[in-house]
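Work through the exercises below with the sequence and the structure side by side. Each task is followed by a stepwise solution.

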Amino acid sequence: MQQIKTWEEYKSAYLLSTAEPEKFWAAVADNFEWQKKWDSVLQWNFTEPSVKWFEGAVSNITQNCLDRHTETSPDAISIIWEPNNPNEASQKISYRELLHSVNQFCNALSKIGVRKGDRVCIYLPMIPEAAIAMLACARMGAVHSVVFAGFSSASVADRINDSGCSFIITADAFYRGEKKVELKKIVDEALTQAPTIKHCVVFNHRSEQITMQPQRDVWWHEITKNCSNNFLPEPMNAEDPLFILYTSGSTGKPKGLLHTTAGYMVYTAFTFLNVFNYQNGEVFFCTADVGWVTGHSYLLYGALLNGATTVMFEGIPTYPDHGRFWDIVDKHQVNILYTAPTAIRSLETYGIKIFENKKLTSLRVLGSVGEPINEEAWHWYHTHVGKNKCDIVDTWWQTETGGILISPIATVTPLKPAFATLPLPGVQPVLVDESGNEIQGNNVAGNLCIKFPWPGMARTVYGNHERFRQTYFSTYSNLYFTGDGCRRDDDGYYRITGRVDDVINVSGHRIGTGEVENAIDEHPLVIESAVVGYPHDVKGQALYAFVICTEKISDVEKLVAEVREVVAQKIGSFAKPDKIQVVPGLPKTRSGKIMRRILRKVAERDTSNLGDTTTLLDPAVVDAILAGSK
């Protein structure tokens, strides 16, 4: 596969990819093993929308992740697993061992009735079995839907029901830092509201005492016992579903983005190789959980497609101390580190003393993902982690895009702190104004759209194609609307300025305000709520909730604690608002729409100019909110 190694090669590749995209992507796709080649490279329109890449081709992503590397380098390490507790042994799994484990689990899942096209929910900690489960589903042609192991039982049930999962794979429990998470108990609660589940497979991770429901629940080790380690990969058509992954929506109901087989495979492999300038034999450490798209695309699929060694870390960056990431880098001689600005800013607050006994000499490339990285964090990362010698690839992309769209290419693109820099080959971004008119030239700002399809993009919202169209393709004619604001500087470099809708990026988690409001409104004393984002030094953005109650609250602290707990139960702890203010009313227009820009100003403590409030149903509400926010 072409690896771009010079600035001239980038310019040449980008020119070809936009002038003759089908020729460009066909050449990339020729590097993979296909059971049958494609009849057409691309058919598309952004009206329905309908996008089909490599139609007529037949392959299986695991054939390219596992089998071909097992044939050429069977003893090369595929996954290094680093446990939560550094006193426990890490684990190194060769490509041959991973293939055998995946095949065994395919045979085990077949025994309990999993078939091609079935949806399988995976709710596991960051352990090798999460990767094995994902790869086994892909190998069988089952559609995996991974749910982050920080979500509540209600969120798990919602996702199972929306996708119609027939099976769920979980573990007894795990530790995140010092906190024990009892996964099986959460699943048991979720399954009281999820009638489609036929079997629950449980991996015995911590030997916890758990309740197994006869007929429904089965142990991983028991169903894999005596299973063959041979399993032929299911022939998958190019547009067959690979996985469903949920992301927050501004309307409150999470969206199940559906990604398909061939285009996703080609795109994640190409972007992994090029963005990180991956060299054969290097160790890649992506700190993201497999419950998020970064874990799907780069920790797992992109890395394995390139025969890389990928690190899976079960724990958190601050346990047992805030030098854990750097210990892992030194222990496993990590060459490429890919993490989130939130983690960087959080570790920055502890100072630099922790680096005194850390070498970090193996590092060659640093990556940033999840949200725009601010300049201060960029320089801290570059100076103290990269020792002023590592390129930082500040990657911009989304769950919907499947892979990185705008980013420097390590060792190739001239860097600029806090800029995602330039689009990758095949990506055609445009900036538009509110009316959808393209904004030409440089030193401009607008809403970021993409005008031409790329292979890794999601194809639909599972079970609701109209929502997919409305969300991404209805705002501007014939354009994919990213939902992000952006500016393009004098050099043509792109800097993402943040969400322009009601999805807020908290510590790299995209959280829909509607989803949080729905949870808050479940509290018996809350009539209505409105949630906005505001800048936060560590998280990037945090949540500020304004709540109207049924009665005068005598103990506000108690109410705040209860509301946060409701959000934790309904969504997960990561979605808890940092600030909650009880208000007598919300600033609404006469049509009943909440004027959120006023609430954002209050949350940001920027109340010098609230704009015109005369159109509000009750302008006096604003004064009451301001008085209570002091």
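**Exercise 1.** Does K52 count as buried, partly exposed or exposed? Place K52 in its element and list what it touches.

Solution. The model is predicted.
- Step 1: find the element. K52 sits in strand β2.
- Step 2: read the accessibility. K52 has 32% relative accessibility, so K52 counts as partly exposed. The cut-offs are under 20% for buried and over 50% for exposed.
- Step 3: list the contacts. Residues up to four places away in sequence are not counted; K52 then touches V41, L42, Q43 and E239.
- Step 4: compare sequence and space. K52 and L305 are 253 residues apart in sequence. Their C-alpha atoms are 21 Å apart.

**Exercise 2.** Describe the surroundings of C65.

Solution.
- Step 1: C65 belongs to helix α3, residues 61-72.
- Step 2: the relative accessibility of C65 is 0%, so C65 counts as buried.
- Step 3: set aside the neighbours within four places in sequence. C65 is then in contact with Y95, Y301, L304 and L305.
- Step 4: C65 and L300 are 235 residues apart in sequence, yet 9.1 Å apart from C-alpha to C-alpha.

**Exercise 3.** Where is S166, and why does S166 count as buried?

Solution.
- Step 1: S166 is in the loop between α6 (153-163) and β8 (167-171).
- Step 2: S166 counts as buried because its relative accessibility is 11%. The cut-off for buried is under 20%.
- Step 3: with residues up to four places away left out, S166 touches R119, T196, I197, K198 and H199.

**Exercise 4.** Which residues of helix α2 are buried, and which elements do they pack against?

Solution.
- Step 1: α2 covers residues 21-29.
- Step 2: its buried residues are P21, F24, W25, A26, V28 and A29.
- Step 3: these buried residues pack against two helices and two strands by label: α1 (7-19) and α9 (261-275), β1 (40-45) and β2 (50-55). Strand β2 is also the place of K52.

**Exercise 5.** How many residues does the largest nonpolar core have, and which have the most contacts inside it?

Solution.
- Step 1: the largest nonpolar core has 174 residues.
- Step 2: F54, F105, I168, I169, F276 and Y301 have the most contacts inside this core.
- Step 3: another core lies apart from the largest one. This other core has 27 residues, including L337, I354, L363 and Y381.
- Step 4: take I169 as a sample. Beyond its neighbours within four places in sequence, I169 is in contact with residues including F105, L109, V120, Y123 and W220.
- Step 5: link back to Exercise 2. Y301, one of the residues with the most contacts in the largest core, is also a contact of C65.

**Exercise 6.** Which peptide bonds at P49 and P320 are cis or trans, and where do these prolines lie?

Solution.
- Step 1: the bond joining E48 and P49 is cis, with omega about -10°. P49 lies in the loop between β1 and β2.
- Step 2: the bond from Y319 to P320 is cis, with omega near 0°. P320 lies in the loop between β17 (309-313) and α11 (324-332).

**Exercise 7.** What is the phi of Q333 and of N443, and how exposed is each residue?

Solution.
- Step 1: Q333 is not a glycine, and its phi is positive, near 50°. Q333 is in the loop between α11 and β18 (336-339).
- Step 2: Q333 counts as partly exposed because its relative accessibility is 41%.
- Step 3: N443 is not a glycine either, and its phi is positive at about 60°. N443 lies in the loop between β21 (429-432) and β22 (444-450).
- Step 4: N443 has a relative accessible area of 56%, so N443 is exposed.

**Exercise 8.** Why does the radius of gyration agree with a compact globule?

Solution.
- Step 1: for 630 residues, a compact globule would have a radius of gyration near 25 Å. The protein has 24 Å, which agrees.
- Step 2: the C-alpha atoms fill a box of roughly 70 × 60 × 55 Å along the principal axes.
- Step 3: buried residues make up 61% of the 630 residues.
- Step 4: count the elements. The protein has 18 helices and 30 strands.

Technical notes
Residues are numbered from 1 along each chain as its sequence is written. This is a predicted model: local features need pLDDT of at least 70, side-chain atom pairs count only at pLDDT 80 or more; totals for chains, interfaces and linings use all residues. Side-chain values use heavy atoms; hydrogens and water are left out. Helices (H or I, at least four residues) and strands (E, at least two) are DSSP runs, numbered from the N terminus. The radius of gyration is taken over C-alpha atoms; the globule rule is 2.2 Å times the number of residues to the power 0.38. Buried means under 20% relative accessible area, exposed over 50%, partly exposed in between (1.4 Å probe, protein chains only). A nonpolar core is a set of buried Ala, Val, Leu, Ile, Met, Phe, Trp, Tyr and Cys residues joined through side-chain atoms within 4.5 Å. Contact means heavy atoms within 4.5 Å.
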